[in-house]
Amino acid sequence: MKYEVLAHTVHFLHHINKAKGFDFIMNIYPNAYLKRVTNITPEFLNNNNIKALILDVDNTLIDYYKNLSMEIVNWAKNIQNQGTVLFILSNTNKKAKVETVANKLGIPYEMFAHKPFKKGFIKVQKEIEINAENIGVVGDQIFTDVIGGNRCNMFTILVDPVGKKDYWYTAWKRPIENIIKKRIKYRS
Ligand SMILES: [Mg+2]
């Protein structure tokens, strides 16, 4: 029963999404769906004309227990060496947490972003001075990262959460996201 209600909700969102002229309200589909952030290769960035990445933190770069893998540290280093600009944009109010990740990766950050509102994305865009279409937005959540990035006409990249555990304010949205994810395919 619960699943049915969710499925109908997603169906409804899907049709709003497809209805001409309603895109500006809510586009729930990412431009790409990858398993993890480290699957974003220099080739992928080149092919999609992406010069900068706006990165989410919770369950995109670190798990619930704040673990940051060496794989992601090395990936960030490599991507930056290739000339891609990285910037962290997080909804969290936990400064120490974001700062630790940002320092380890050597990239600037903004917090209290209120994604999916546009304000945070636009602030970062102004700071890095790169056109919206050349900015990739990377995150594990459709209702914050993907919808927010789409609203700003940026290239949205959905990734699977790095860990299974979520904060309560994220966990309730996962079943809806999982139904949406069934409609989209991994691009790599
Ligand atoms: Mg997240």
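**Briefing: helix α4, the parallel sheet and the nonpolar core**

Helix α4, formed by residues 95–105, lies across strands β3 and β4 and runs at about 170 degrees to β3. The model described here is predicted. Strand β3 belongs to an open sheet of six strands with parallel pairing, and it also supplies five residues to the largest nonpolar core.

**Helix α4**

- The buried residues of α4 include V98, V101, A102 and L105. These residues cover an arc of only 100 degrees around the axis, so they fall on the same side of the helix.
- The cover over the buried residues of α4 includes helix α3 (70–81) together with β3 and β4.
- Exposed residues K95, A96 and N103 are carried on the face of α4 that is turned away from its buried side.
- G106 follows α4 and has a positive phi, near 70 degrees.

**The sheet**

- The six strands of the open sheet are arranged in the order β1-β6-β5-β2-β3-β4, and their pairing is parallel.
- The edges are occupied by β1 (32–34) and β4 (109–110); each has a single partner strand, and therefore one side of each is left without a neighbour in the sheet.
- Two bridges connect β3 and β4, which pair in the parallel sense. Across this pairing, I88 stands opposite Y109 in β4.

**The nonpolar core**

- The largest nonpolar core holds 44 residues, of which I54, F87, I88 and V138 touch the most other members.
- Strand β3 (residues 85–89) provides the largest share of this core, namely five residues.
- Leaving aside residues up to four places away in sequence, I54 touches F87, L89, F121, V124, I135, V137 and V138.

**Loops and backbone geometry**

- K115 and P116 are joined by a cis peptide bond, with omega about 20 degrees. P116 is located in the loop between β4 and α5 (119–128).
- N49 is not a glycine, yet its phi is positive, at about 60 degrees. The loop that contains N49 runs between α2 (42–47) and β2 (52–55). N49 is exposed because only 12 other C-beta atoms lie within 10 Å, and a residue counts as exposed at 12 or fewer.
- E129, likewise not a glycine, has a positive phi of about 55 degrees. E129 is found in the loop between α5 and β5 (135–139). With 8 C-beta neighbours inside 10 Å, E129 is therefore classed as exposed.

Notes
Residues numbered from 1 in each chain as written. Predicted model: local features only at pLDDT ≥ 70, side-chain atom pairs only at ≥ 80, totals over all residues. Core = buried A, V, L, I, M, F, W, Y, C linked by C-beta atoms within 7 Å. Buried ≥ 20, exposed ≤ 12 C-beta atoms within 10 Å, placed from the backbone. Helix = DSSP H or I, 4+ residues; strand = E, 2+ residues; numbered from the N terminus. Contact = placed C-beta atoms within 7 Å. Pairing = 2+ DSSP bridges. Axes fitted to C-alpha atoms, helices over the stretch in contact; angles between N-to-C directions. Arc of directions from axis to C-beta.
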